[in-house]
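Open the structure in your viewer and keep the selection tool at hand. The stops below go one at a time, each with something to select.

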Amino acid sequence: MIAAPAFACPVSVAIDIIVSTCWTYAQFDGFLEAFVVQTVTPADLTITPRDVRFGRGTRLRRWWLNNDPFATAFYNALSVTFPKGEAYFIESVRNFREGTPPRLHAEIQAFIKQEIFHTREHVAFNRQVAEQGYDTAPLEKHIDEALELTKAAPPIAHLAATMALEHFTAMLANQLIANPRHLKGGDEQVVALWRWHAAEEIEHKGVAYDTWLHATRHWSRWQRWKIKALVMIGTTREFFSGRYKAMLELLRQDGITGIRAHVGILWYSLGWPGMARKILGAWIAYFLPGFHPWNHDDRKLISLAESDYAAAILPRKESVA
């Protein structure tokens with residue numbers, strides 16, 4: 001049995017005080033139970049690793065997304081996180097693979113394969129970003145520092161962080177496919193890469209969560225919810241802070257600094273196209289009793305994305321690592 005890790009932060013203490021003042025923990029478990037919706041990963045879902053390649057032998061425009069430095073900086077900064085981030089996700093989930101039910105075991109295997117392909121394609125894309133003259137070393141240094149801080153945490157904490165970050169990628173993926181304006185005007189091969197990645201993020205969005213449910217199956221609902229919520233709050237802070245700083249650095253290399261850089265990032269995130277604003281509802285849903293990634297079944301977006309990126313897939317003979 002895996003014990004719930006202790007969180008001695010002010011937010012955790014405050015939550016404990018509020019709950020213990022109003023209910024016993026058993027009563028709070030009953031409260032959560034009353035609102036639980038028994039949604040599970042769809043029985044007919046198949047997670048399919050797609051071994052495809054994009055953009056080899058092509059040269060990007062420096063501002064490859066609609067000639068917009070802010071939009072380009074957002075996706076470039078996000079892509080830099082993926083090689084090491086995907087490796088972290090793989091390891092976090094793989095630590096709990098043994099002993100899982102056969103179906104979940106197979107889904108974890110497929111999840112790992114998909115993440116390996118994502119890593120390979122973003123390594124190639126990041127190489128193209130560097131070819132445009134961007135120095136991504138400061139961004140990679142921040143990622144290394146963030147990962148270093150997690151090393152002392154227990155494996156279940158890594159799984160909780162992965163679960164939270166997988167929810168972020170699923171929210172972003174939904175938006176990228178459902179709202180074409182996010183990638184409108186982008187270079188064809190790069191847009192195809194992001195839509196392929198988004199489709200697979202939607203497809204495997206329940207794997208880390210289902211692994212968490214299995215690993216914590218002996219925990220109370222209260223312990224599950226408390227740790228899930230605390231980790232998501234910390235993850236959100238780090239996610240937005242890290243990407244904001246990374247965008248500022250890339251924009252600085254474009255000669256965009258000061259108030260112009262800050263206002264441009266905020267308008268891009270909250271105004272138009274407003275990715276951060278658009279995902280707010282899905283982010284809040286994570287904290288609701290009975291949440292499961294498949295409460296919102298958006299599988300139709302997978303086939304939509306596949307039809308859009310199919311023409312950009314490189315033939316095998318033209319594909320190199």
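**Salt bridges**

Select Arg 56 and Glu 121 first: their side chains form a salt bridge, with N and O 2.7 Å apart. Arg 56 sits in the loop between α2 and α3 and Glu 121 in helix α4, so this pair ties together parts 65 residues apart in sequence. Both residues are buried. Keep in mind that the model is predicted.

Now add Asp 51 and Arg 120, another salt bridge, where the closest N and O atoms are 2.8 Å apart. Asp 51 is in the loop between α2 (25-35) and α3, while Arg 120 is in helix α4, so parts 69 residues apart in sequence are tied together here. Asp 51 is partly exposed, at 30% relative accessible area. Add Arg 53 to the selection: Asp 51, Arg 53, Arg 56, Arg 120 and Glu 121 are linked in a network of salt bridges.

Next, go to helix α5 (residues 137-149) and pick Lys 141 and Glu 145, which are four residues apart and thus separated by about one helical turn. They form a salt bridge with closest N and O atoms 2.7 Å apart. Glu 145 is partly exposed, with a relative accessible area of 41%. The count of salt bridges comes to 19.

**Along helix α3**

Select Ser 92, in helix α3 (residues 69-94). Is Ser 92 buried or exposed? Its relative accessibility is 2%, so Ser 92 counts as buried. Its side chain makes a polar contact of 3.2 Å with the side chain of Thr 162. Beyond its sequence neighbours up to four places away, Ser 92 touches His 158, Leu 159 and Thr 162.

Tyr 88 is also found in helix α3, and is buried at 15% relative accessible area. Among the residues Tyr 88 touches, leaving out those up to four places away in sequence, are Leu 147, Thr 150 and Ala 161. Measure from Tyr 88 to His 158: their C-alpha atoms are 8.3 Å apart, with their positions 70 residues apart along the chain.

**The core**

Select Trp 64, Tyr 75, Phe 125, Trp 194, Trp 212 and Tyr 286, the residues with the most contacts inside the largest nonpolar core, which has 83 residues. Helix α3 gives the most to this core, with 13 residues.

**Two helices**

Finish with helix α9 (residues 221-253), whose 33 residues reach 48 Å from first C-alpha to last. Just after α9, Gly 255 has a positive phi of about 85 degrees. Helix α4 (residues 102-131) has 30 residues and reaches 44 Å from its first C-alpha to its last. It is followed by Gly 133, with a positive phi near 100 degrees.

Technical notes. Residues are numbered from 1 along each chain as its sequence is written. This is a predicted model: local features need pLDDT of at least 70, side-chain atom pairs count only at pLDDT 80 or more; totals for chains, interfaces and linings use all residues. Side-chain values use heavy atoms; hydrogens and water are left out. Helices (H or I, at least four residues) and strands (E, at least two) are DSSP runs, numbered from the N terminus. Buried means under 20% relative accessible area, exposed over 50%, partly exposed in between (1.4 Å probe, protein chains only). A polar contact is a pair of N or O atoms within 3.5 Å; within protein, one must be able to donate a hydrogen and the other to accept it, and residues adjacent in sequence count only if both atoms are side-chain atoms. Contact means heavy atoms within 4.5 Å. The expected span of a helix is 1.5 Å times one less than its number of residues. A nonpolar core is a set of buried Ala, Val, Leu, Ile, Met, Phe, Trp, Tyr and Cys residues joined through side-chain atoms within 4.5 Å. A salt bridge is a side-chain nitrogen of Lys or Arg within 4 Å of a carboxyl oxygen of Asp or Glu.
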